[in-house]
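The exercises below are meant to be worked through with the model open beside the text. Each begins with a task and is followed by a solution in steps.

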Amino acid sequence: MHYYNYYWEYKGICIIECTTCGFKHIHPIPSKKEIKAFYQQYYEKNKPFDYSIVTGEFVNETIDQVFKSEENRRIYKMVDDLKKTPLKVMLDVGAGNNLLAKYFQLKGWEVKVNELNKNASEFLKAFGLNVFNNTVEEFDFTRINRISFLNVQFVLEHLRNPIQFLEKAYKYIVPGGIIRICVPNDFSAGQMAYKEYGSKEVDWIVVPDHINYFDFNSLSNLLTRIGFLEVYRRTNFPLEFLLLGGIDYYSCPDDQKKVSTFVSKFENSFRETNRSDQLEKLYKYIAKAGFGRSIYLYAQKPLSDKLE
C-alpha cells in the first residue's frame with residue numbers, strides 16, 4: 001500500500017507525496033508489461049539515433065572523444081578519489097548510448113553494461129563493451145557479484161520499484177564502493193515557486209517515462225535508508241532560475257530555443273577561461289541549497305558493512 005497526505009494532478013495523472021516510499025511517484029504505478037513494452041522502443045521514439053552511421057571509423061573517432069571528455073574525466077576522478085577499495089569493477093545500468101563505461105574500460109577497469117533497448121545494446125557492443133540486454137529491474141547481480149562502482153544515470157525515475165533495485169544493488173557493491181545516481185530534481189523549491197507564483201502547471205511531469213520524482217533530500221534519505229552514506233552532491237545549471245525570471249521554456253517555443261545556447265555560453269565562459277573548478281564549486285553550492293535541474297549524488301557503502 002502507498003500512503004500519502006498530498007498529491008498533484010496533471011493531465012489526468014496523479015502524483016502522490018508517498019509517505020510509504022519517502023518520495024513522490026505516480027499513482028497507480030504502471031504494470032511491468034506496460035513499462036517493458038514502452039522501453040523496448042524508447043530510443044527510437046524519444047531519442048532517435050541513426051545507428052547505420054556506426055562504422056569502424058565512427059567508433060574510433062568517438063572513442064577519442066570519449067577519452068578527451070572533460071565530464072568523463074571529472075566523474076572518473078570523483079569515483080577514484082571517493083572509493084575505498086582497490087577493486088575496479090564497474091556496472092552501468094540503463095546506459096543507453098552513453099559511453100562513460102568505455103572511459104572506465106580505457107582506464108583499466110573491468111566493465112559491464114546493462115541496457116534493455118536492442119539497438120542501444122548493439123551500439124554499446126560496437127565499442128567493445130560487455131552488455132546484458134534486459135530490464136534494469138530484471139538484472140541478475142550475481143552475473144558480476146562484486147561491484148566497486150555502480151552508475152545509475154537517469155534510470156531511477158523510470159523504475160517501478162527503485163527501493164527494491166537499490167536494496168539488491170547494495171548487497172553486491174563491496175564495502176567502500178561507490179554508487180552514482182543521477183535523476184531530475186523535481187518538485188524543487190524553484191519549480192514550486194514557479195508553479196505557485198504564476199499559477200502554472202507542474203510541467204516537469206513526464207509520463208509514462210518518469211514514474212518517480214526526487215529532490216535532493218528524498219534521494220539522499222532513500223540511500224541512507226538502504227544503508228549508503230552520501231559523500232558528494234552536485235547539480236547542473238538551475239533551469240528553474242530561467243523560469244522564475246520569465247523565460248518560460250515549458251510553454252513558449254521561442255524561449256525553449258534559447259535555453260541550450262544560454263546554458264552553453266554560461267558554462268563555456270568558465271571552461272574556456274580555465275575556470276572549470278569554479279564552475280564545479282558553483283554547482284556544488286547550488287546543489288547544497290537544493291536547486292539545479294538535475295541531481296548528481298555519490299554515495300558509499302560503509303567499510304564496516306561486510307558482504308553477505
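**Exercise 1.** Locate asparagine 145 and serine 199 in this predicted model, and establish for each the loop, the sign of phi and the exposure class.

*Solution.* Begin with asparagine 145, which is found in the loop between strand 6 (130-132) and strand 7. Its phi is near 75°, a positive value in a residue other than glycine. For orientation, most residues other than glycine have a negative phi. The relative accessible area of asparagine 145 is 41%, and because the partly exposed class lies between 20% and 50%, asparagine 145 counts as partly exposed.

Turn next to serine 199, in the loop between helix 8 and strand 9, where phi is near 50° and again positive in a residue other than glycine. At 68% relative accessibility serine 199 is exposed, since that class begins over 50%.

**Exercise 2.** Find the loops that hold proline 28 and proline 208, and describe the peptide bond that joins each proline to its partner.

*Solution.* Proline 28 sits in the loop between strand 3 (24-26) and helix 1 (32-40), and a cis peptide bond with omega of about 0° joins histidine 27 to proline 28. Proline 208 belongs to the loop between helix 8 (189-198) and strand 9; here the cis bond is between valine 207 and proline 208, with omega of about 10°. As background, most peptide bonds are trans.

**Exercise 3.** Derive which strands stand at the edges of the open sheet of four strands.

*Solution.* First write down the order, 1-2-3-9, with antiparallel pairing. Then look for strands with a single partner: strand 1 (4-10) and strand 9 (212-213) meet this condition, so one side of each is left without a neighbour in the sheet. Finally, inspect the pairing of strand 1 with strand 2, which is antiparallel and runs over five bridges; in one of them, tyrosine 10 has isoleucine 13 of strand 2 as its bridge partner.

**Exercise 4.** Trace the largest nonpolar core, and then examine the surroundings of leucine 150.

*Solution.* The core has 41 residues, and Leu150, Leu156 and Phe165 touch the most other members. Among the elements that each supply at least two residues of this core are strand 2 (13-18), strand 4 (89-93), strand 7 (147-153), helix 7 (162-172) and strand 8 (173-184). A second, separate core of 30 residues includes Val59, Tyr76, Ala120 and Phe127. Returning to leucine 150, and leaving aside its neighbours within four places in sequence, one finds contacts that include Leu91, Val93, Phe165, Ala169 and Ile173.

**Exercise 5.** Which residues does phenylalanine 154 touch, not counting residues up to four places away in sequence?

*Solution.* Phenylalanine 154 lies in the loop between strand 7 and helix 7 and, at 29% relative accessibility, counts as partly exposed. Its contacts are Cys182, Val183, Pro184, Ser294 and Tyr296. Of these, tyrosine 296 is 142 residues away in sequence from phenylalanine 154, while their C-alpha atoms are 9.6 Å apart.

**Exercise 6.** Characterise the lining of the second largest pocket by its elements and residue classes.

*Solution.* The pocket has a volume of about 510 Å³ and is lined by 22 residues, with Glu70, Glu71, Arg74, Arg234 and Glu280 nearest its centre. Helix 4 provides the largest share, eight residues; other elements supplying at least two include strand 10 (229-234) and helix 12 (276-288). By class, the lining divides into eleven charged, eight nonpolar and three polar residues.

Conventions:
Residues are numbered from 1 along each chain as its sequence is written. This is a predicted model: local features need pLDDT of at least 70, side-chain atom pairs count only at pLDDT 80 or more; totals for chains, interfaces and linings use all residues. Side-chain values use heavy atoms; hydrogens and water are left out. On a 1 Å grid over the protein atoms alone, a cavity is a set of points where a 1.4 Å probe fits but cannot get out, and a pocket is an open set with protein on both sides within 12 Å along at least five of seven lines; lining residues have an atom within 4 Å of a point. Grid points are joined across faces, edges and corners, and a volume is the space filled by probe spheres set on the points. Ala, Val, Leu, Ile, Met, Phe, Trp, Tyr, Cys and Pro count as nonpolar, Asp, Glu, Lys and Arg as charged, and the others, Gly among them, as polar. A nonpolar core is a set of buried Ala, Val, Leu, Ile, Met, Phe, Trp, Tyr and Cys residues joined through side-chain atoms within 4.5 Å. Buried means under 20% relative accessible area, exposed over 50%, partly exposed in between (1.4 Å probe, protein chains only). Contact means heavy atoms within 4.5 Å. Two strands pair if DSSP finds at least two bridges between them.
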